[in-house]
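Here is a guided walk through the covalent and charged side-chain links of one protein. Have the sequence and the 3D view open side by side.

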Amino acid sequence: MFSVPANFLRHTAIVSSQVIILAFGYGFLGAVLYYEYLSPPDQVGNLWRHHPGELTMVVTLIATVLSVITATLFTISIKEALRHRMSWPISLVKLSTGVALAKGSIILRPEHLGLTSLTLFIFGVLRLLTAGWTTLLTPTYFLWPVDMQGSELDITGTAFATLLMEEIQKQGLTGIEDNAFEVLDIGGMLSGVSAAGYTYGLPGTFNFNGAKYNVSTQGIVPTIESFSGSDGVPGVNGTRLGFSGGNVTVNTGEILGEHTSVSIPEGFSRNYSMLQQGLTANVSCQVIGSSQTQYVWNTNDSQVVYANAGGSNNSINGLRLWNITANCGASTLTAQQYVTLVDASGNASVSGSGFLPSVVCPGPMGLNQTYTSFTIISQGFYKYRFLDASVCEVIPLLTTVRANYSNDLISSEVLSSTPFQPENVKLLSFIAGVARFQSVNSQGLMSSAIGDTLYSIYSSTTNTSIDDNLGNQTQVYKELEEYWRGVVEFSATFLRSGFMVVGSFPDNRIPDELSSPVDGTMYISTIGWTRRSATYLLAILPITIITILTFACALYSMLQSRRKKLEGSYKATFDVSNTLHLIMASAAGSLTLEGFNTNGIIVNEGLKVKLQDDNSVKKFVVADKADLVASEERLV
């Protein structure tokens, strides 16, 4: 009949407990590696966020308890294995090594480097148990990525070009030169001011329709609901080119990942990085040289159309009508009229008045050029006389941008760009019309918003004077370039917003032929556990080593217990970690050892003894030759 070894149940409990603890560690690690991201419930996450110190202490206590249990089971298995090993001859230095391990201590004997290294190694591994469990169990702050996908209005194709032309004709705007192209508000001017000022270190936040953009819009429209701004519903005529604000339709959602059983946390905050369509422009401004006669820039045609010599200081004493003309190619003159405030004699105040007329040529200046750009000719008078007659070439570009949505702010980075194609002619006409609208409406009776922008930015970022052409004209032209770039980018955002606002399309669904895909990633700020290279593997290594050693010692003890039971030599337990037991066994054996000098200690360490167990009498005796031979045969 099969005989159960002595203490079999105890050793089985030790091994089982150790394996269960190790399985918990590996199971937790496996779940993290498999799912990549794990997070506690949102209530726990919020609790951790507000009480990190207290919850860190709780995790550390749990890690300490697991470490103490693991170390205790290991020392018990070491004591049992050493007790059985002492039944055979063993040198005193090896015995002291075993005792040190059973007590979680070390020996420091350079003469026995291997044994010293063994105790140091196991001692270090035991001390790392708490650190390993703490590393494994403590949640950390991280960003949980979630793929996003959706669609937005595609303004780059022929389908949109057709739709845009229909809308322009519907509102009675048959050409870009019409004076009724007033579908934009002050947003274009503010976008230009933000873009121009940011280049020279001024704050650059631009708000439009409730959304907040960093510097400029980059021609995008928000594709994330929480960043889309206004939630208003526009009126019947408040969509498309009549847009004046409202809730922009967002068609972006999360893509379910591979592990649908893991719920995505609400998190502390959410940031987004999206790839979407944008629009920008390369703008190059320079002075019109004396040899550049092709522009035929004429600012000399003006006349006083109203004079009131007897008027008071608070009344209008005179008005001057300006007829500004420029050659926009093929000897075609384009005219733009302005009205400014003058005195009854027709003279303006040089220091108090400002006049900055502009003519927008809606196409290229040369007949051989493709229709992918437009030109703006400008000149400053009176307090804007720092700007000589200048020409700006504006080349709009269709872009792919990475839009980052974070902290209620939208910032964009251009990843790639392409010039306009023939199917983008209507879009180019719209943008040129927006520029023309801004150039005309920015000029008031006594000042120009564009001129004031150039002057104020220069004055706030330099120590030199801009008057009388003494300023840095390079900076002035750079400001002007950035201003028009901001206006162009805003025009695209306005256009997208108008066609994507609720009510623009039936059921607020953009037709397939007018939609463009949007892809990106949502980053959820939360706490939890995520795959971290080798950190977790290093954390669980001490637990694994101790479990393997515990299992080896327990297995050795069970085999020895079974052998002794069969031999009928099994005796009561002897605790090698108990100092009193060791003293009693040494005294009972009457061991004769060398003194405490160096040579004596070395000789004593090499002496082989064994534990002789005669019922209640346990004693260490020096192993004789028969014991040594039997020990060697057993090992063989």
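The text below takes the disulfides, then the salt bridges. Keep in mind that the model is predicted.

Start with the cysteines. The structure holds 2 disulfides. One of them joins Cys285 to Cys392, with an S to S distance of 2.0 Å. Find Cys285 in strand E7, residues 269-287. Its partner, Cys392, sits in strand E15. These parts are 107 residues apart in sequence, so the disulfide ties together pieces of the chain that the numbering keeps well separated. Now look along the bond. The angle about S-S is 115 degrees, and the link of Cys285 and Cys392 is right-handed.

Are these two cysteines buried or exposed? Cys285 has a relative accessible area of 8%, so it is buried. Cys392 is at 1% and therefore also counts as buried. The cut-off for buried is under 20%.

Move to the other disulfide. Cys328 and Cys361 are bonded, their sulfur atoms 2.0 Å apart. Here the angle about the S-S bond is -70 degrees, which makes the link of Cys328 and Cys361 left-handed. Cys328 lies in the loop between strand E9 (318-327) and strand E10 (333-342). Cys361 belongs to strand E12, residues 358-361. The two are 33 residues apart, and the pair links distant parts of the chain. Both Cys328 and Cys361 are buried.

How do the bonded cysteines pair when numbered in sequence order? The pattern is 1-4, 2-3. One more cysteine is worth a look. Cys553 has a relative accessibility of 14%, so it counts as buried.

Next come the charged side chains. The count comes to 10 salt bridges. Three of them are described here, beginning with Arg109 and Glu111. The closest N and O atoms of Arg109 and Glu111 are 3.3 Å apart. The cut-off for a salt bridge is 4 Å, so this pair qualifies. Arg109 is partly exposed, with 23% relative accessible area. Glu111 is partly exposed too, at 44%.

Lys383 and Asp452 make another salt bridge. Their closest N and O atoms lie 3.8 Å apart. What does this pair connect? Lys383 is in the loop between strand E14 (381-382) and strand E15 (390-406). Asp452 is in helix H9, residues 449-461. The pair therefore ties together parts that are 69 residues apart in sequence. Strand E15 also carries Cys392 of the disulfide with Cys285. As for exposure, Lys383 is at 24% relative accessibility and counts as partly exposed. Asp452, at 30%, is partly exposed as well.

Finish in helix H10, residues 473-500. Arg485 and Glu482 both lie in this helix, 3 residues apart, about one turn. Their side chains meet in a salt bridge, with an N to O distance of 2.7 Å. Where do these two stand, buried or exposed? Arg485 is at 14% relative accessibility, so it counts as buried. Glu482 has a relative accessible area of 11% and is therefore buried. Both values fall under the 20% cut-off.

The contact between Arg485 and Glu482 does not stand alone. Which residues make up the network of salt bridges here? Lys478, Glu482, Arg485 and Glu489 are linked in it. Select these four in the viewer to see the network.

How values were computed
Residues are numbered from 1 along each chain as its sequence is written. This is a predicted model: local features need pLDDT of at least 70, side-chain atom pairs count only at pLDDT 80 or more; totals for chains, interfaces and linings use all residues. Side-chain values use heavy atoms; hydrogens and water are left out. Buried means under 20% relative accessible area, exposed over 50%, partly exposed in between (1.4 Å probe, protein chains only). Helices (H or I, at least four residues) and strands (E, at least two) are DSSP runs, numbered from the N terminus. A disulfide is a pair of cysteine sulfur atoms within 2.5 Å.
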